[in-house]
Amino acid sequence: MELIFPSVIIILACVALLLFLRWKNLSGPPCIGGWIPWIGAAFEFGKAPLEFIEKARIKYGPIFTVFAVGTRMTFVTEEEGIDVFLKSKEVNFELAVQDPVYRTASIPKNVFLTLHEKLYILMKGKMGTFNLCHFTGQLAEELQEQLENLGTHGTRDLTILVRHLLYPVSVNTLFKKGLFPTNKKKITEFYQQFQTYDEGFEYGSQMPECLLRNWSKSKRWFLAFFEKNIPVIKAKKSEKDNSMTLMQVLLDTIDMETNERSPNYGLLLLWASLSNAVPIAFWTLGFILSQPSLYKAIMEGISSVFGAAGKDKIKVSEDDLKKLPLIKWCILETIRLRAPGAITRKVMKPVKILDFTVPSGDLLMLSPFWLHRNPKYFPEPELFKPERWKEANLEKHAFLDGFVAFGSGKYQCPGRWFAMLEIEMCIILLFYYYDCSLLDPLPKQSSLHLVGVQQPEGRCRIEYRQRK
Ligand code: HEM
């Protein structure tokens, strides 16, 4: 009797626990795990995350949880879930990205949480639509300097060409004029290090650094680069009007709170400014050049605004840009089709979506890439149709409904208008000076990326020849 009593209690406790777990599971969205504890669905998911998401949506419905390496990611794919993602006070951006920020830029949680909102407001203001006009002149100047290096004609891989234009232009515009190396060896080193850092970023944001030797080296290379250059960036204001660059403005605030993390923020801003803008410039040029009638229409626009190509440098004004809406539509249509695989928020308190309760601690995930393929928002979603952007009120800085490539809500991408402007200027100036054609078909997009926009899977060469 003495032995039976505790056994009954243990059995009852187990039954209660099982019922509780079953109830919990029933009230949560369907969960895709694997048979290996903790690892869960990591292998299947990691092989091709974008395809995995779409297959799971078809099999499990509009909301489902993927359990992988100890993390629960709950994907929302339809209105009700999207609304919670974008508007609920119970889901949080900062707590969702804090861990990846720590892994990729070594910014500790307390520093990140103290500074994030202040820095975000500064970036949003400095790169907002009112201030955009301050970038136009310098972007044009920097781009024309880089274009001079292309010579009269040549053939290059389009990705490399875009990198050679946008790396120096972004660094010199956002950090400090002249900061980008000018010595050939150092330029090559910068390119190689950034490529390694960028390519490994997604793994680096999830795995211990000790498992990613080369990536870790490139991260340390950039931290040392900024450590050396922060005093230089701080020292020099614009000779023309004493104005400050974005990084100089950020450094003022970072210094007030902590004087040790400036290089880390330099690295984060560098990555944010290049990782999406470069592939989007690549794809936009690729889409335009692979459609002769579109390329012709764009060239007619450029010639009507700037005249025939000559030897002198040109100035590009806000008014000029307004006369060339087709280029902006092409950029937006490219961003729609190559949008980030996922954006994320942390669930702070359980949230109800459809008939399910998503528990606190889950990462709520939204896929701009798949949302942009919903025919309800974008008819014939797989087609590249720049003219659909005619409907958007771009004068009022509004995108089309259902377009979330820059995120949405409180912490929408603060660099979105700058990115659009930089890519627009890049296309205008390249096409103004050179006749271009593609020597290879446009490559497929890789489906390996959740973080950021989609990368090309193979090479694509461009031939360029100075216009007469
Ligand atoms: C086409 C190019 C770009 C795309 C598609 C893009 C997309 C995004 C997305 C999806 C987010 C996360 C928003 C969210 O979760 O709601 C983001 C954040 C951010 N982006 Fe961009 N971005 C682009 C270009 C740029 C550029 C050129 C800059 C800087 C000059 C920039 C700076 C940032 C920063 C600093 C954040 C983090 C904001 C925060 O911490 O609150 N982005 N971007």
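This note sets out numbered points on the predicted model shown above.

1. Basis of the note. Residues are numbered from 1 along each chain as its sequence is written. The model is predicted, so local features need pLDDT of at least 70 and side-chain atom pairs count only at pLDDT 80 or more, while totals for chains, interfaces and linings use all residues; side-chain values use heavy atoms, with hydrogens and water left out.

2. Annotated segments. An unreviewed UniProt entry places the feature "transmembrane region" at residues 5-23 and 265-289. UniProt positions are given in the numbering used here, feature names are shortened, and annotations may be inferred rather than shown by experiment. In the model, residues 265-289 are 96% helix and 0% strand, and the C-alpha atoms at the two ends of this stretch are 36 Å apart. Helices (H or I, at least four residues) and strands (E, at least two) are DSSP runs, numbered from the N terminus.

3. The iron site. Which protein atom is the donor to the iron atom of the ligand? The single donor from the protein is the SG atom of C413, 2.3 Å away. Donors are N, O and S atoms within 2.8 Å of the metal (3.2 Å for Na, K and Ca); water is not among the atoms, so sites may look incomplete. C413 itself is found in the loop between α17 (368-371) and α18 (416-433).

4. R345. This arginine is in strand β6 (residues 343-347). R345 is buried (under 20% relative accessible area; exposed is over 50%, partly exposed in between, with a 1.4 Å probe and protein chains only). R345 has no salt bridge (a side-chain nitrogen of Lys or Arg within 4 Å of a carboxyl oxygen of Asp or Glu). The nearest side chain of opposite charge, E94, is 10 Å away; Lys and Arg count as positive and Asp and Glu as negative, whereas His and the chain ends are not counted. The side chain of R345 does reach the backbone oxygen of S408, at 3.4 Å. Residues that R345 touches (heavy atoms within 4.5 Å), not counting those up to four places away in sequence, include F85, F93, D362 and S408.

5. R467. A second arginine, R467, is in the segment after β11 (461-466). R467 is buried yet has no salt bridge, and the nearest side chain of opposite charge, D435, is 4.0 Å away. The side chain of R467 makes a polar contact with the side chain of S303 at 3.4 Å. A polar contact is a pair of N or O atoms within 3.5 Å; within protein, one must be able to donate a hydrogen and the other to accept it, and residues adjacent in sequence count only if both atoms are side-chain atoms. Leaving aside neighbours within four places in sequence, the residues in contact with R467 include M299, S303, Y434 and D435.

6. Salt bridges around E333. How many salt bridges does a search of the whole structure find? The search finds 19. In one of them, E333 and R336 meet at 2.9 Å, N to O. These two residues are 3 residues apart in helix α16 (residues 325-337), so they are separated by about one helical turn. E333 is buried, with a relative accessible area of 0%, and R336 is also buried, at 0%. E333 forms a salt bridge with R388 as well, the closest N and O atoms being 3.0 Å apart. Because E333 lies in helix α16 and R388 in the loop between α17 and α18, this pair ties together parts that are 55 residues apart in sequence. R388 is buried, with a relative accessible area of 11%.

7. Salt bridges around K177. The side chains of K177 and E141 meet in a salt bridge of 3.8 Å, N to O. K177 lies in the loop between α8 (158-174) and α9 (184-204) and E141 in helix α7 (residues 133-148), so the pair ties together parts that are 36 residues apart in sequence. Are these residues buried or partly exposed? K177 counts as partly exposed at 38% relative accessibility, and E141 is partly exposed at 31%. E141, E142 and K177 are linked in a network of salt bridges.

8. Positive phi values. E380, a residue other than glycine, has a positive phi near 45 degrees. E380 is in the loop between α17 and α18 and is partly exposed, with a relative accessible area of 45%. H397 is not a glycine either, yet has a positive phi of about 60 degrees. H397 lies in the loop between α17 and α18 and is partly exposed, at 39%.
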